[in-house]
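Please open the structure in your viewer and set the display to a cartoon, with side chains ready to be switched on where the tour asks for them.

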Amino acid sequence: MPEQQPDETMESRLAKIFLARFGAEPRIFRAPGRVNLIGEHADYNDGFVLPAAIELSTCTAIAPRQDQRLHVFSENLQETAEIDLTETNPQRADRWSDYVRGVALMLQKLGLQLAGGNIAIHSDIPIGAGLSSSAALAVSLASALLSNSGRSLELVEIAKLCQRAENEFVGARVGIMDQFASCFGSVGHAILLDCRTLEFQRLSLPASLEMVICNTMVKHEHSGGEYNDRRTQCEQGVAVLKRFFPAIKALRDVTLEQLHAHRTDLAALIFRRCHHVITENERVLRCANALQNRDLATAGRCMAESHASLKYDYEVSCKELDLMVEIATRREGVIGSRMTGGGFGGCTISLVETAAVEEFKRSVAKEYKATTQIAADIYVSKAGAGVTEVEVNA
Ligand code: ADP
Ligand code: MG
């Protein structure tokens, strides 16, 4: 395997790996991971989210094969997979190659004839840490398969088919946010996305700020079941409120006044779940507006309120996330901090002034370690670009 040179880019290294393995020069497609600045558990309630693509990404290298197969190598996992594109009813194998099979299948379901290909994948996104390595893989792969087959699709269609691949083939009940951010990311911009209509607006972030992602390094076991419970609880809230307001389709349609007017019609738990979603939607819009107006104090307050709401109303935080946010919030140069992602572990996002970042990283890592004995991974990123083909010379 080629050694990584100190100043070598991921894509030129991947091109070398590809050449050594498959004996051809590939085309390479890069898609980023993402972080959500605010708007948690909003997507499946038809609400608003404010993600940004990050500078960490997944690259998929591809060159044609003469047969109807995909031969795939993941550099991260050091594993190969072989896929027969003529198989009519592919089954999931409960491994990473399901993402590849799922994306190929969804492209085929759109009626596209896919050409065979040799494929190598490499990512610098930590896998399974909540920064959406899965969407980055799916989006870069969809772009690679399309180009390899001489086809193209609108970005929004790529985002949607990658979501379907995760939902229907991999079996992960995820919203559209991750795939959308990976497709539509833009340097220096967050994306205000309406998850109902997929209308979006790119929002420039202050150049003096960094997005700092702190991984608590914990993932509590029950998170999958809790996620499904929350979705069900939201549906229960909608079912009750619909009796009074027939036009309601999702919590997105419910105002805070309507919720309070029917507080006693809802079980206390359901009320709190709905309260989070409805207030979170309002906070996303307030935060986006504040960022646009460079009112950083308000933006930071929205992030703090979001964390509190996720902790008390939605009950998806955990002591490590609370601690990480609490430590971060006390540092100099911090605009705001909150848990990001589904919860029960994973990462926090803090907006931090560039000049304060080094000290932030050092002191947050130190204090988190002192209390938990856990060494946190910390990533610093500006908002990065969405999926693109990259030029390389192996
Ligand atoms: P996240 O998207 O937060 O990183 P997920 O659990 O949604 O976490 O997705 C992680 C899964 O995606 C991995 O378990 C693996 O199946 C697949 N995956 C992501 N990146 C790669 C990669 N570079 N190579 C192979 N599989 C990958
Ligand atoms: Mg994922």
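What follows is a walk through a predicted model, going from domains to sheets and then to a pocket.

**Domains**

Begin by colouring the chain in two parts, since the protein is divided into domain 1, made of residues 10–204 together with 384–390, and domain 2, which covers 209–381. If you place a marker at the centre of each domain, taken over C-alpha atoms, the two markers will be 26 Å apart. Then show the residues at which the domains touch: 32 residues of domain 1 are in contact with 44 residues of domain 2.

**The six-stranded sheet**

Next select the open sheet of six strands, whose order is E5-E4-E6-E3-E1-E13 and whose pairing is mixed. Strand E5 (79–84) and strand E13 (388–390) are at the edges, and each has a single partner strand, so one side of each is left without a neighbour in the sheet. Looking along the sheet, you can follow a twist that averages 25° from one strand to the next.

Now zoom in on strand E4 (residues 69–74) and E5, which pair in the antiparallel sense over six bridges. Which residue in E5 is the bridge partner of Phe 73? Select Thr 80, which is that partner, and then show His 71, which stands opposite Glu 82 in E5. The two strands form a hairpin with four residues between them, and within the turn Gln 78 has a positive phi of about 55°.

Two helices can be added to this view. Helix H2 (residues 97–109) lies across E4, E5 and strand E6 (117–123), and its direction is at about 25° to E5. Helix H5 (residues 177–184) lies across strand E1 (27–36) and strand E3 (51–64), running at about 125° to E1.

**The three-stranded sheet**

Keep H5 displayed and turn to another open sheet, in which three strands follow the order E2-E7-E8 with antiparallel pairing. Its edge strands are strand E2 (48–49) and strand E8 (200–204), each of which pairs on one side only. Strand E7 (residues 189–194) is joined to E8 by five bridges, the two running antiparallel, and if you pick His 189 you will find its bridge partner in E8 to be Ser 204. H5 packs on this sheet as well, where the helix touches E2, E7 and E8 and its direction makes about 135° with that of E7.

**The second largest pocket**

For the last stop, display the second largest pocket, which holds about 220 Å³ of space. Of the 14 residues that line this pocket, select Asp 43, Tyr 44, Asn 45, Asp 46 and Arg 231, which are the closest to its centre. Which helix gives the largest share of the lining? That helix is H6 (residues 223–244), with four residues. Colouring the lining by class will show seven nonpolar, three polar and four charged residues. Finally, bring back the domain colours from the start of the tour, and the lining of this pocket can be seen to draw at least three residues from each of domain 1 and domain 2.

Conventions. Residues are numbered from 1 along each chain as its sequence is written. Chains are lettered from A and ligands numbered from 1 in the order in which they are written. This is a predicted model: local features need pLDDT of at least 70, side-chain atom pairs count only at pLDDT 80 or more; totals for chains, interfaces and linings use all residues. Side-chain values use heavy atoms; hydrogens and water are left out. On a 1 Å grid over the protein atoms alone, a cavity is a set of points where a 1.4 Å probe fits but cannot get out, and a pocket is an open set with protein on both sides within 12 Å along at least five of seven lines; lining residues have an atom within 4 Å of a point. Grid points are joined across faces, edges and corners, and a volume is the space filled by probe spheres set on the points. Ala, Val, Leu, Ile, Met, Phe, Trp, Tyr, Cys and Pro count as nonpolar, Asp, Glu, Lys and Arg as charged, and the others, Gly among them, as polar. Domain bounds come from an automatic or database domain assignment. Two strands pair if DSSP finds at least two bridges between them. Axes are lines fitted to C-alpha atoms, for helices over the stretch in contact, and angles run from 0 to 180 degrees between N-to-C directions. Contact means heavy atoms within 4.5 Å.
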